[in-house]
Amino acid sequence: MTSYTDAQIEEALKGLPGWSQEGEALVKSFEFADFTAAIAFVGRAAGPIDEMDHHPEWTNVYNRVDIRLSSHDVGGVTDRDVQLARVLERVAEAS
Ligand code: H2B
């Protein structure tokens, strides 16, 4: 799978509120009510992530989960990252 161009990324980001491009990746910082809610989000996202066999880089500090999506095999943003961002949005909305 080939990497998205900057123009393709810009187009995809229109449907992904809060997400932005940072180098070779899509990034977003999710904020939750507290630490437990942040970890619950991570737990709920684990199943869909594994089903997609495409994994985020993420860090947690208290009620925040900072996410970075990039396709390591091609060193850029692909359709898999955009699909994963959409899945994470749905999981976060249900949180
Ligand atoms: N996740 C991400 N973000 N990039 C990859 O290239 C990737 C992955 N590769 N998850 C997958 C797993 C690969 O290692 C397996 C073998 O399909």
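This text walks through the sheet, the helices that lie across it, and the β3-β4 hairpin. What you are looking at is a predicted model.

Let's begin with the sheet. Four strands make an open sheet in the order β1-β2-β4-β3, and the pairing is antiparallel. The edges are taken by β1 (20-22) and β3, each of which has a single partner strand, so one side of each lacks a neighbour in the sheet. From one strand to the next, the twist averages 25°.

Now follow the pairings across the sheet. Strands β1 and β2 run antiparallel and are joined by 3 bridges; here Q21 has L26 in β2 as its bridge partner. Moving on, β2 (residues 25-31) is joined to β4 by 6 bridges, again in the antiparallel sense. To find your place along this pair, look for V27, which stands opposite R68 in β4. Finally, β4 pairs with β3 over 5 bridges, also antiparallel, and in this pair N60 has V65 in β4 as its bridge partner.

Strand β4 deserves a pause, and a general point helps here. In a regular strand, side chains alternate between the two faces of the sheet. On β4 you can see this pattern: V65, I67 and L69 point to one face and are buried, whereas R64, D66 and R68 point to the other face and are not buried. V65, the partner of N60, is thus among the buried residues of the strand, while R68, which sits opposite V27, belongs to the face that is not buried.

Next, add the helices. Helix α1 (residues 6-13) lies across β1 and β2, and its direction makes an angle of about 145° with β1. Helix α2 (residues 35-52) lies across β2, β3 and β4, running at about 160° to β3. Between α2 and β3 there is a loop that holds D53. Phi of D53 is near 50°, a positive value for a residue that is not glycine. D53 counts as exposed because its relative accessible area is 58%, and the cut-off for exposed is over 50%.

From that loop, follow the chain through β3 to the hairpin it forms with β4, where 2 residues lie between the strands and Y62 takes a positive phi near 50°. Which residues sit in this loop, and are they buried or exposed? Y62 is in the loop between β3 and β4, and N63 is there as well, between β3 (57-61) and β4 (64-69). Y62 is exposed because its relative accessible area is 53%. N63, in contrast, has 16% relative accessibility and therefore counts as buried, the limit being under 20%.

What does N63 contact, leaving aside its neighbours within four places in sequence? Its contacts are F30, E31, F32, A33, D34, F35 and A38. Of these, F30 and E31 fall in the range of β2 (residues 25-31), and F35 and A38 fall in that of α2 (residues 35-52).

The surface beside the hairpin rounds off the tour. F35, I39, V61 and Y62 make a nonpolar surface patch of about 390 Å². V61 is found in strand β3 and is partly exposed, with a relative accessible area of 47%. Y62 brings the exposed loop position into this patch, and F35, another member of the patch, is also one of the contacts of N63.

Technical notes: Residues are numbered from 1 along each chain as its sequence is written. This is a predicted model: local features need pLDDT of at least 70, side-chain atom pairs count only at pLDDT 80 or more; totals for chains, interfaces and linings use all residues. Side-chain values use heavy atoms; hydrogens and water are left out. Buried means under 20% relative accessible area, exposed over 50%, partly exposed in between (1.4 Å probe, protein chains only). Contact means heavy atoms within 4.5 Å. Two strands pair if DSSP finds at least two bridges between them. Axes are lines fitted to C-alpha atoms, for helices over the stretch in contact, and angles run from 0 to 180 degrees between N-to-C directions. Patches are made of residues with over 30% relative accessible area and no salt bridge: like charges are joined within 9 Å, nonpolar side chains (Val, Leu, Ile, Met, Phe, Trp, Tyr) within 5 Å. Accessible areas come from the Shrake-Rupley method with a 1.4 Å probe; for residues, only the protein chains shown count as cover. A salt bridge is a side-chain nitrogen of Lys or Arg within 4 Å of a carboxyl oxygen of Asp or Glu.
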